[in-house]
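Student: I should like a close look at one part of this model, namely the pairing of its strands and the side chains that accompany it. Please set that part within the whole and treat it in one connected account.

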Amino acid sequence: MKKYELTEETIVKNGHTLHRIRATISFDSVSDGELGGYIEKEENLSHDGDAWVSGDAWVSGDAQVYGNAQVSGNAQVYGDAQVYGNAQVSGDAQVYGNAQVSGNAQVYGDAQVYGNAQVSGDAQVY
């Protein structure tokens with residue numbers, strides 16, 4: 001069962017057209033009908049688990065958000081980056097390239113995680 005749908009509301013970031021998402025079911029702290037952030041395509045955000053993109057955050061390229069991960073605020077996840085587990089990316093943080101954020105890790109503020117970096121466990125980058 002799909003937990004969200006792409007809306008007609010779009011923005012363009014780095015040459016990619018992104019769609020605002022809308023929840024189609026209630027899960028975790030997300031209510032049915034609630035608007036989320038922006039993704040380029042459904043492969044960017046898993047329909048499984050409680051993963052969610054909210055606020056003005058966006059995910060594009062081949063980046064993936066899954067598990068129970070949360071991307072919020074004005075955060076950006078793009079390239080081949082992966083955010084999963086219970087990880088949180090928020091504020092104005094950027095995760096890109098081949099970077100991975102997992103476990104209970106938090107990336108926030110103006111932090112940038114990129115290249116082949118891996119942030120995991122209970123790590124905090126801000």
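Tutor: Two strands are said to pair here if DSSP finds at least two bridges between them. The strands themselves are DSSP runs of at least two residues, numbered from the N terminus. The model is a predicted one.

A suitable place to begin is strand β7, residues 70–71, which runs parallel to strand β10, residues 88–89, and is joined to β10 by two bridges. Within this pairing, Q70 has Q88 of β10 as its bridge partner. Both strands belong to an open sheet of five strands, ordered β4-β7-β10-β13-β16 and paired in parallel. At the edges of that sheet are β4, residues 52–53, and β16, residues 124–125, each of which pairs on one side only.

V71 follows Q70 in β7, which spans residues 70–71. Which residues does V71 touch beyond its neighbours within four places in sequence? They are W52, V53, S54, A57, V65, V77, V83 and V89. W52 and V53 are the residues of the edge strand β4, while V89 lies in β10. V71 also appears among the residues with the most contacts inside the largest nonpolar core, together with L45, V77, V83, V89, V95 and V107. That core has 31 residues. The elements that contribute two or more residues to the core are β2, residues 16–23, and β4.

The mention of β2 leads to the other sheet. Here seven strands form an open sheet in the order β1-β2-β3-β5-β8-β11-β14, with mixed pairing. Strands β1 and β14, residues 112–113, occupy the edges with a single partner strand each, so one side of each has no neighbour in the sheet. Strand β1, residues 4–13, runs antiparallel to β2, and seven bridges join the two. In this pairing I11 stands opposite L18, and T10 has H19 of β2 as its bridge partner. The two strands form a hairpin with two residues between them, and N14 in the turn has a positive phi of about 50°. On the other side, β2 pairs with strand β3, residues 35–39, in the antiparallel sense over three bridges. H19 stands opposite I39 in β3, so that, with T10 as its partner on the β1 side, H19 is matched in both of these pairings.

R20 also lies in β2. Is R20 buried or exposed? R20 has a relative accessibility of 11% and therefore counts as buried, the cut-off being under 20%. Apart from residues up to four places away in sequence, R20 touches E5, L6, T7, E9, L35, G36, G37, Y38, G55 and D56. Among these contacts, E5, L6, T7 and E9 fall within β1, residues 4–13, and L35, G36, G37 and Y38 within β3, residues 35–39.

The loops that connect the short strands carry aromatic rings. A search of the whole structure finds six aromatic pairs. One of them is formed by Y66 and Y84, which are stacked with 5.0 Å from centre to centre and 0° between the planes. Y66 sits in the loop between β6, residues 64–65, and β7, and Y84 in the loop between β9, residues 82–83, and β10; the pair thus links parts of the chain 18 residues apart. Y66 is partly exposed, at 27% relative accessibility, and Y84 is partly exposed as well, at 22%. Another stacked pair is that of Y78 and Y96, with 4.9 Å between centres and 0° between planes. Because Y78 lies in the loop between β8 and β9 and Y96 in the loop between β11 and β12, this pair ties together parts 18 residues apart in sequence. Y78 counts as buried, at 17% relative accessibility. Ring pairs further join Y78 and Y96 with W58 and Y114 into a cluster. A ring is also involved elsewhere: the charged end of K3 sits over the ring of F27, 4.8 Å from its centre.

As to the setting of these parts, the protein has 16 strands and zero helices. Its radius of gyration is 13 Å, close to the 14 Å that the globule rule gives for 126 residues, so the protein is as compact as a globular protein of that length. Of the 126 residues, 37% count as buried. Among contacts between residues at least 6 apart in sequence, 12% join residues at least 24 apart.

Conventions
Residues numbered from 1 in each chain as written. Predicted model: local features only at pLDDT ≥ 70, side-chain atom pairs only at ≥ 80, totals over all residues. Heavy atoms only, no water. Helix = DSSP H or I, 4+ residues; strand = E, 2+ residues; numbered from the N terminus. Core = buried A, V, L, I, M, F, W, Y, C linked by side-chain atoms within 4.5 Å. Buried < 20%, exposed > 50% of the residue type's maximum accessible area, 1.4 Å probe, protein only. Contact = heavy atoms within 4.5 Å. Phe/Tyr/Trp six-rings, centres within 6.5 Å; stacked < 30°, edge-to-face > 60°. Lys NZ or Arg CZ within 6 Å of the ring centre and 35° of its normal. Rg over C-alpha atoms; globule rule 2.2 N^0.38 Å.
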